[in-house]
Amino acid sequence: MSSEKRLSLNALSGLSADIRTPAYDPRDVKPGIVHLGVGAFHRAHQAVYIDDLLANDPQWGIVGASLRRADMRDALKAQDNLYTVAVRSGEGTRLRVIGSIGSIHVAPEDPETLLAALCDPAIRIVSLTVTEKGYCHDPATGDLNADHPDIRTDLENPRAPTSAPGLLVEALRRRRDANTVPFTVMPCDNLPANGPTVHRIITQYASLLNEGLARFVERDVAVAGTMVDRIVPATTDRDTAEITAALGLNDAWPVVTEPFTQWVIEDRFPTGRPDFAAVGAEMVSDVEPFERMKLRMLNGSHSTLAYLGYLAGYETVSTTMADRNFERLIHALMSDEIMPTLDMPGTDLGAYRDALIARFHNPALKHRTWQIAMDGSQKLPQRFLGTVRDRLAAGAPIDRLALGIAAWMRYVTGTDEKGAAIEVKDPLADKLRSIATETGRDPERLASAYLSLGEVFGQDLRDVPEFSRPVTRALKTIFERGAAGAVEAAAS
Ligand code: CS2
């Protein structure tokens, strides 16, 4: 299945006419954005918008940075940093080659080169997709976790940072000292209020170094919040082989995604920005309502499907959704428990819900429940707990939200319903597993021990019976009847 020829600038002209290629010459592009975290999501989302933009405005090319591994950089370098986006739906696959990433740096290999790129006056935006845990914060409060191992390392050696907050603050400091205007920071991760949250995190990091620097970061640096949405499952070897065969050229690192894409951006770029709206982004003055809607509706449902679906033996979101009980549960979760907490004048929430359900059914995506289940301790607060707090304040029931939270608890015990080990990927995985062992997996003790994890649940929920009771009840049901049984009971 592998092709002899590698994807490259020279090979573009030989591609079949139905494969879209850059409408500009990538060699003419000048960098204007540094992006930290060039993973699959970035390459299927922001880099595609920028690819559209570069045809008219070639000064906004992307310098990518990987904060951990070198493998993607090596793969893309061998193909002139071009890669394929495969858009998949029930109707088939469309291929498009993207050229907006001009180069990729690997931070741990050479932090100085990355810092030099971050200090280039031509760079006016630094965007990030470093996942929830990449901000080294406490998910329950949104504050920097000063005890985080990466933060401790960076505080000891702030001129050669490794973490995202460390890199941003060091680059901003160097720019200030060189009289270069600061770049605008643009976080593109699924954090609640990601603009103010990231602004607070970097200000807090700076304050541990120097008060003057902290004041500068707080007052003179702009952080533009965003809501980003596109479902991008991890690329598998099979995807790579299929895309290579369809392309007729070897692409070592393509990405796979769905037709839907959305980007809402807070318009706060004092030192300049491209015309994002011209390529389909929505520019708004307040992005928080959009973020809240997306995190609660899409990501909250996604995590519910991931934990319950995995436990019930389903490998992907679409196979989980094909089970009518699960579909009914997700519909009811959104309609009865999440939508009443959202205030979105001008948005048809029912239509938004129905579109999400259709997206979750996309049979061509093969989005693994295990992938979404990852890092739950970092995801729960913004996906479930904000909704829970609003519901409790309104005196409203939370049974379906509680079922999703209980499924997370059951999942992170690390053993599935057949007694097999679950590979739990989470910064708290070891702690979560030992709590399960200590409590002997007794649902009441287990729920109570997990609910006292302040870094996830905060301090305000642990002693609220309206919260702990339904969660404990749901966890009991999952242990007694299995996840599928619990979903059946909740859906009826
Ligand atoms: C998913 C998200 O893996 C996950 O946790 O819920 O990556 C989701 O696919 C995106 O936020 C969709 O925009």
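This is a short tour of the structure on your screen, one selection at a time. Keep in mind that you are looking at a predicted model.

**Stop 1: the two domains**

Start by colouring residues 3-286 as domain 1 and residues 289-491 as domain 2, following the domain assignment of the chain. The C-alpha centres of these two domains lie 29 Å apart. Now look at where they meet: 25 residues of domain 1 are in contact with 29 residues of domain 2. On the domain 1 side, select β3 (83-89) and β8 (226-229), the elements that give two or more residues to the touching side. What kinds of residues make up the side of domain 1 that touches domain 2? They divide into 11 nonpolar, 7 polar and 7 charged.

**Stop 2: around the ligand**

Next, show the ligand and select N190, D229, R230, I231, L298, N299, H302, Q371 and I372, which surround it. Two elements, α10 (288-311) and α14 (369-373), each give two or more residues to this shell. Which element provides the largest share? It is α10, with 3 residues. Colour the shell by residue type and you will find 3 nonpolar, 4 polar and 2 charged residues. Switch back to your domain colours, too: domain 1 and domain 2 each supply at least three residues of the shell.

**Stop 3: a sheet of three strands**

You have already met β8; now see its neighbours. It belongs to an open sheet of 3 strands with the order β8-β10-β11 and mixed pairing. The edge strands, β8 and β11 (282-284), each pair on one side only. From one strand to the next, the twist averages 15 degrees.

Zoom in on β8 and β10 (residues 262-266), which pair in the antiparallel sense over 4 bridges. To see one particular partnership, select V228 and its bridge partner in β10, W263. Then bring back α10 from the ligand stop: this helix packs on the sheet, touching β8 and β10, and its direction makes about 35 degrees with that of β8.

**Stop 4: a sheet of five strands**

Move on to another open sheet, where 5 strands follow the order β5-β2-β1-β6-β7 with parallel pairing. As a reminder, strands of a sheet pair through backbone hydrogen bonds, either parallel or antiparallel. Here the edge strands are β5 (101-106) and β7 (184-187), each pairing on one side only. The twist in this sheet averages 25 degrees from one strand to the next.

Select β2 (residues 61-66) together with β5: the two run parallel and are joined by 5 bridges. A65 is a good place to zoom in, with H105 as its bridge partner in β5. Now add helix α2 (residues 46-54), which lies across β1 (31-36), β2, β5 and β6 (125-128). The helix runs at about 155 degrees to β2.

**Stop 5: one cysteine**

Finish by selecting C188, in the loop between β7 and α7 (194-207). Is C188 buried or exposed? It is buried, because 24 other C-beta atoms lie within 10 Å, and 20 or more is enough to count as buried. Leaving aside neighbours within four places in sequence, C188 is in contact with Q46, S127, L128, T129, T226 and V228. You selected V228 earlier, as the bridge partner of W263. For a last distance to try in your viewer, pick the C-alpha atoms of C188 and G61: these residues are 127 apart in sequence and 17 Å apart in space.

Note on methods: Residues numbered from 1 in each chain as written. Predicted model: local features only at pLDDT ≥ 70, side-chain atom pairs only at ≥ 80, totals over all residues. Domains from an automatic or database assignment. Contact = placed C-beta atoms within 7 Å. Nonpolar A, V, L, I, M, F, W, Y, C, P; charged D, E, K, R; others polar. Near = placed C-beta within 6 Å. Pairing = 2+ DSSP bridges. Axes fitted to C-alpha atoms, helices over the stretch in contact; angles between N-to-C directions. Buried ≥ 20, exposed ≤ 12 C-beta atoms within 10 Å, placed from the backbone.
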